[in-house]
Amino acid sequence: MRKLDNEQALAVTIAENLLRKDLHPLEEAEVIQLALDREYDLKAIASRLGKSVGYLARRASLTKLSKAWRAEIVRADSEASRLSAAHLELIARLPESTQNA
């Protein structure tokens, strides 16, 4: 067994989380954003996951959803929870004031 430093351990954790099948798009976005904040190589992560860098960037944009939208999309009985990730990515592009209007 090899020892990992904190950064390596975090990189492994990020990759493992992104490979989970039951990952909610918002959780996926938060993990990708963490990788971006840590300046990890998104090309390498995308390659490992079989996703494009564009996909990772679009998914990370979900972290720009307002708190109100975030609360709604994780509530199973809300209409917002039935929106596709692509729809949510479009909403995330809007200013927070417009999202909450």
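## Exercises on helix packing and cores

The axes of H2 and H4 cross at roughly 110 degrees and come within 8 Å of each other. Axes are lines fitted to C-alpha atoms, for helices over the stretch in contact, and angles run from 0 to 180 degrees between N-to-C directions. This is a predicted model: local features need pLDDT of at least 70, side-chain atom pairs count only at pLDDT 80 or more, and totals for chains, interfaces and linings use all residues. Residues are numbered from 1 along each chain as its sequence is written, and side-chain values use heavy atoms, with hydrogens and water left out.

**Exercise 1. Classify the H2 and H4 packing, then list its residues.**

Step 1. Angles of 65 to 115 degrees count as roughly perpendicular, under 35 as roughly parallel, over 145 as roughly antiparallel and the rest as oblique. H2 is therefore roughly perpendicular to H4.

Step 2. Contact means heavy atoms within 4.5 Å. H2 brings Pro25, Glu28, Ala29, Ile32, Gln33 and Leu36, while H4 brings Tyr55, Leu56, Arg59 and Ala60.

Step 3. Sort by class. The contact of H2 with H4 has seven nonpolar, one polar and two charged residues.

**Exercise 2. Describe the setting of Arg59.**

Step 1. Find the element. Arg59 sits in helix H4. Helices (H or I, at least four residues) are DSSP runs, numbered from the N terminus.

Step 2. Check burial. Buried means under 20% relative accessible area, exposed over 50%, partly exposed in between (1.4 Å probe, protein chains only). Arg59 has a relative accessible area of 10%, so Arg59 is buried.

Step 3. List the neighbours. Not counting residues up to four places away in sequence, Arg59 touches Pro25, Glu28, Ala29, Ile32, Ala85 and Glu89.

Step 4. Look for a polar partner. The side chains of Arg59 and Glu28 make a polar contact (2.5 Å). Such a contact is a pair of N or O atoms within 3.5 Å; within protein, one must be able to donate a hydrogen and the other to accept it, and residues adjacent in sequence count only if both atoms are side-chain atoms.

**Exercise 3. Map the largest nonpolar core.**

Step 1. A nonpolar core is a set of buried Ala, Val, Leu, Ile, Met, Phe, Trp, Tyr and Cys residues joined through side-chain atoms within 4.5 Å. The largest one has 15 residues; Ile14, Leu18, Tyr40, Ile45 and Leu56 have the most contacts inside it.

Step 2. Assign helices. H1 (6–18), H2 (25–37), H3 (42–49) and H4 (53–60) each supply at least two residues of this core. H3 gives the most, with four residues.

Technical notes:
Ala, Val, Leu, Ile, Met, Phe, Trp, Tyr, Cys and Pro count as nonpolar, Asp, Glu, Lys and Arg as charged, and the others, Gly among them, as polar.
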